[in-house]
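Student: I've got a model open and I'd like to learn how to read it feature by feature. Can we go through it together?

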Amino acid sequence: MVSERMASIHESKTLKIAAMAKKLTKDGLDIIDMSVGEPDFDTPKHIVEAGCNSLKMGETHYTPTAGIPELRRAISEKLSRENSLHATADDVIVTPGAKMAVFAAIQALLQEGDECVLIGPSWVSYEPCVAFSGASVTWGNVDENFMPIDLAANINPKTRVILVNSPSNPTGAVLDQSVLMEIRDLAEDHDLFVISDEIYEKIIYDHTHLSIGSLPGMEDRTVTINGFSKAYAMTGWRLGYLTGPRETMKWVNRLLSHSVSQATTFVQRAGVAAIQGPQDEVFSMVAEFRARRDLLVAGLKSLGIPCSIPGGAFYVFPDVSEFGGGDVFTEKLLKDALIAATPGSAFGPGGMDYVRLSYATSQSRIKQAVERIEKILK
Ligand SMILES: Cc1ncc(COP(=O)(O)O)c(C=O)c1O
């Protein structure tokens, strides 16, 4: 027996492919795994030590649902310093991973009959989170650089939320100030909320990250989400957070209190160390990601595969429509080149012509991948 709402939720294609790649590797095949959504670096030592020390000090009990005061304060200071978001510690809620923050924000803001706008190919979990709420998704069109085209066409009386994810998974696109201001204007004109998922904020090249919630008029209609997984290579720790209008946070808190309770206690201490400790490893990870991006984009272009240059995150999203489309090309990559990738269709109807390649893998593996792709194209 399964509820209708659950039955409408699809399996995550990215996790399915990652599991397939792991199995093939275990079977002895030399798979280059470019399907991964996590940094291949280790969590910086001082963060690990902070977590270990917390455990050694006996911090093994419950914390308040919204998190320990020290972490909420550290996050509010970070949001003010780096994002010009003036949330107090009381306005911040810590979650077990940013995914839970996305889920909770969507459940708090959307209900049956409502619509949520996603801008072009979007992270695999947004649509299922919206479906859990009983609302539905409308897909905004984007141009060849994944910038929104005529977003107003997606707005109707049912629209409640526009979801913004910059830098984007899967496209790597970064929305600049003028685009964010257009979204702000739409939100104001139609009395909408914006959920801004900024998890890739620190993995950004040639751009400066801007939080849409900091634009005039957006404070009371934006929920900003972030986390530690990508910037600090902390995917397995499960630590994220969100901030937004008090009324919305009240309901998010209630949902968390009756479901996950809180983020793990010692992990929250590690989060304080991540924010307050040295940031040099973040910078060196980003420098390495940039070098890999350049290598992969240049390699794909040299093979005649059109690919816009991603401004952030650690994915490229080349257009493979001339090579059979995303699904066919991804299958060919796995079968003939032993490269695990994610078909663009996993990210919504606008992704059909694309494939997502993650460059959270070494430069030597990226070079090998380009050589293998060259062979299958011949
Ligand atoms: C766009 C986006 N948002 C949120 C998340 C969730 O991150 P976390 O590991 O903090 O749950 C991910 C992870 O892949 C992501 O790509």
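Student: Let's start with a loop, then. Where is Pro-167 found?

Tutor: This is a predicted model, so keep that in mind as we go. Pro-167 is in the loop that links strand E6 (159-165) and helix H7 (177-190).

Student: What is the peptide bond from Ser-166 to Pro-167, cis or trans?

Tutor: The general idea is that most peptide bonds are trans. Here, the bond from Ser-166 to Pro-167 is cis, with omega near -10°. Stay in that loop, since Pro-170 also lies between E6 and H7. The bond from Asn-169 to Pro-170 is cis too, and its omega is near 25°.

Student: And phi? Which sign does Asp-206 have, positive or negative?

Tutor: Most residues other than glycine have a negative phi. Asp-206 is not a glycine, yet its phi is positive, at about 60°. You'll find Asp-206 in the loop between E7 and E8.

Student: Now those two strands. How do E7 and E8 pair, parallel or antiparallel?

Tutor: Strands of a sheet pair through backbone hydrogen bonds, and the pairing can be parallel or antiparallel. Strand E7 (residues 193-197) and strand E8 (residues 222-227) pair in the parallel sense, over four bridges. To see one of the partners, pick Ser-196: its bridge partner in E8 is Thr-224.

Student: What is the strand order of the sheet they belong to?

Tutor: It's an open sheet of eight strands, ordered E2-E9-E8-E7-E6-E3-E4-E5, and the pairing is mixed. At its edges are strand E2 (92-95) and strand E5 (148-149), each of which pairs on one side only.

Student: Which strands make up the three-stranded sheet?

Tutor: That open sheet runs E10-E13-E12, with antiparallel pairing. Strand E10 (315-316) and strand E12 (342-343) each have a single partner strand, so one side of each has no neighbour in the sheet. E12 is joined to strand E13 (residues 355-358) by two bridges, and the two run antiparallel. Look at Pro-343 for an example: its bridge partner in E13 is Val-355.

Student: Let's turn to the ligand. How many residues surround the ligand, and which are the closest?

Tutor: When you read a binding site, begin with the shell and then go to individual contacts. There are 13 residues around the ligand, and the closest are Ala-98, Asp-197, Ser-229, Lys-230 and Arg-238. Sorted by class, the shell has five nonpolar, four polar and four charged residues.

Student: Which side chain has a polar atom 2.6 Å from an oxygen atom of the ligand?

Tutor: That's Arg-238. An N or O atom in the side chain of Lys-230 is 2.7 Å from a ligand oxygen. For Tyr-200, the distance from a side-chain N or O atom to an oxygen of the ligand is 2.9 Å. Taken as a whole, the protein covers 93% of the 400 Å² of accessible area that the ligand has on its own.

Student: And what is the space taken by the ligand?

Tutor: It's the largest pocket.

Key: Residues numbered from 1 in each chain as written. Predicted model: local features only at pLDDT ≥ 70, side-chain atom pairs only at ≥ 80, totals over all residues. Heavy atoms only, no water. Near = heavy atom within 4 Å. Polar contact = N/O pair within 3.5 Å; in protein donor to acceptor, adjacent residues only side chain to side chain. Areas by Shrake-Rupley, 256 points an atom, 1.4 Å probe, with all protein chains shown as cover. 1 Å grid on protein atoms, 1.4 Å probe; cavity = no way out; pocket = protein on both sides within 12 Å on 5 of 7 lines; lining within 4 Å. Sits in = over half its atoms within 2 Å of the grid points. Nonpolar A, V, L, I, M, F, W, Y, C, P; charged D, E, K, R; others polar. Pairing = 2+ DSSP bridges.
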